[in-house]
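Q: Hey, I've just opened this one and I'm new to it. Can you walk me through it?

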Amino acid sequence: MNIYVLLKKTFDTEEAISVSGNQIDESGAEFIINPYDEYAVEEAIQQRDKNGGTVTVVTIGDEDSEKQLRTALAMGADDAVLIDTSDDLDEGDQFTTAKILETFFEGKEADLILAGNVAIDEASGQVGPRLAERLNMPFITTIVKLDIEDGTAEIEKDVEGDLEKIEVSLPVLVTCQQGLNEPRYTSLPGIMKAKKKPLEQLELDDLDLDEDDVEAKTATISIFLPPKKQAGRILVGETGEQVKELVSLLSNEAKVI
Amino acid sequence: MSEKILVIGELQQGVLRKVSYETIAAAKQINENVEILALVLGDGDLQQPAEEMIHYGADRVITVSHANLSNYTSEGYGQVIMEVMEDEKPSSIIMGHTSVGKDVTPKIASRLELGLISDAVAIEKEDDQVVFTRPIYSGKAFEKKVMKDDGLLFATIRPNNISALEPDSSRTGDIIAKEVDVKDLRTIVKEVIRKKTEGVDLMEAKIVIAGGRGVKSAEGFNALYELADLLGGAVGASRGACDADYCDYSLQIGQTGKVVTPDLYIAVGISGAIQHMAGMSNSKVIVAINSDEEANIFKMADYGIVGDLFEVLPLLIKEIKLEGALVS
């Protein structure tokens, strides 16, 4: 099977966010593989081990994205592709990303494409479905189970807590939800091996795309932090008194019950 | 053809989700002087939900009923929505940012090469331009987004953030049943297993009672359910509580998990890791109950009780019952 994983690097979930000059301040921030994409990498490896084939991890980013790709290779992916847009694009949106990936996937004959169901930074969840549509491939989002046999995928999809059992023929694009698997940690031998695995670097030019082809359809006009919360009130007194006061505050002051 | 905005009414087991009404309010915020056309899809008699959409402010409703719409598939819903778009040529489309909305809107946007602004929590007009505010980095920051050209305005809105209009049961409007041959579905939904507890949807709940590791066991959550029932709210949990098997992952609130913005969020035995805060920090009023006065959650809380939750919760339940008795 030709298995592909779409991967994005994101801020570490521990990072506090600050804004400078209308942009998220990235200086000094730790970057990780988007947590939902990690499920995708893990699932791709497990499916390959069961069904044979190769796992290729693809990211759109800058030269620093190599770090996350090497991590995916150390987990067990076979090869990686970095589409470096840092020289060509100042800004893009989900249309941009999907368009670049669509071009990348031309002629690739992917059997299975996995992605995270959402990236924890911009959190639109659009790229997977957008790409599948361009490739004329069915897609299933937020999957928590995947079994492939004889070209058919049996899938369990999380629907806000309910579960749907879905059947679909390959090729298919799926996006991964928490609960699908436990992503493995990288081992030292894995990390050593990853250094020698192939990592292809591409730019828009290599895909015969120019800036205009992938121009964003939407624009961000400002970025801001939520207003700082006023220090709250810690209630005092006997527990019973505190509870009485709380109920009174919630119904009379905050008017939420 | 006069200008119109298309909103999608979403049914869940035959009943309209609250966010459906909120899409109508959102449409009015984009332009209150144009026709609001609602589309309701499903399998069976859709007259009642169609009438409800009108009561909540829609001017006209198209219903499409088909056996292949009994379960949501992106292909089935996509076909219908695109056919209605083709016929009606709306200037904007608004849908809820729900499991269904998240799934079908990028498909349509991609097919028609459109921009799409997902998960908006506010809409405003600035010099005739429609500006959408949406959370990024799990609510640790916000961005304002616009469409770059004058083409179709396409957005999904987060449940519980744009208030629905007051329903008016005397409002009337045309309800048109449209035939669409929904076909060639490549994905087959074979079974739907309902795991969600009966009652209020976590993402649409006005009140959320969330428990963490401090709740100590699955049984410990019973008091949270009792309180949630009493207040008409829903129960959520921290990752710690889910990892410890006190409850299902579907209840997890946080950076991974659900992001909720209720009017009242009561955090019980939750320490307040940054990942958890990302999922609830934009709640309107936050109450923290925790035995550790140093717990991070108190920094975010409007009201805090430092104490043993197993002592506080029964008292709280009793007091709210009393309060309820006084009011009614």
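**How the chains meet**

A: Sure, starting with the contact: it takes 72 residues from chain B and 68 residues from chain A. Two residues are in contact here if their C-beta atoms, placed from the backbone, lie within 7 Å.

Q: Which helix gives the most to the side of chain B that touches chain A?

A: Helix H4 of chain B, residues 99–111, with eight residues. Helices (H or I, at least four residues) and strands (E, at least two) are DSSP runs, numbered from the N terminus.

Q: Before I go on, what sort of model is this?

A: It's a predicted model: local features need pLDDT of at least 70, side-chain atom pairs count only at pLDDT 80 or more, and totals for chains, interfaces and linings use all residues. Residues are numbered from 1 along each chain as its sequence is written, while chains are lettered from A and ligands numbered from 1 in the order in which they are written.

Q: OK. Which strands join chain A to chain B?

A: Strand S15 of chain A (233–234) and strand S18 of chain B (303–306) run parallel, joined by two bridges. A:Ile234 has B:Gly304 as its bridge partner there. Two strands count as paired if DSSP finds at least two bridges between them.

Q: Switching topic: what's the strand order in the seven-stranded sheet of chain B?

A: S7-S11-S6-S1-S4-S5-S12, in an open sheet with parallel pairing. At the edges are S7 (117–120) and S12 (174–177) of chain B, each pairing on one side only.

Q: How many bridges do S6 and S11 of chain B share?

A: Five, between residues 92–96 of S6 and 153–157 of S11 in chain B. Within that pair, B:Ile93 stands opposite B:Phe154.

Q: And which strands does helix H1 of chain B lie across?

A: H1 of chain B (18–30) lies across S1 (4–9), S4 (35–42), S6 and S11 of chain B, and runs at about 150° to S6(B). Axes are lines fitted to C-alpha atoms, for helices over the stretch in contact, with angles from 0 to 180 degrees between N-to-C directions.

Q: Last thing: how many residues are in the largest nonpolar core?

A: It has 64, and A:Val41 is one of those that touch the most other members. Such a core is a set of buried Ala, Val, Leu, Ile, Met, Phe, Trp, Tyr and Cys residues joined through C-beta atoms within 7 Å. Buried means 20 or more other C-beta atoms within 10 Å of a residue's own, exposed 12 or fewer, and partly exposed in between, with C-beta atoms placed from the backbone.
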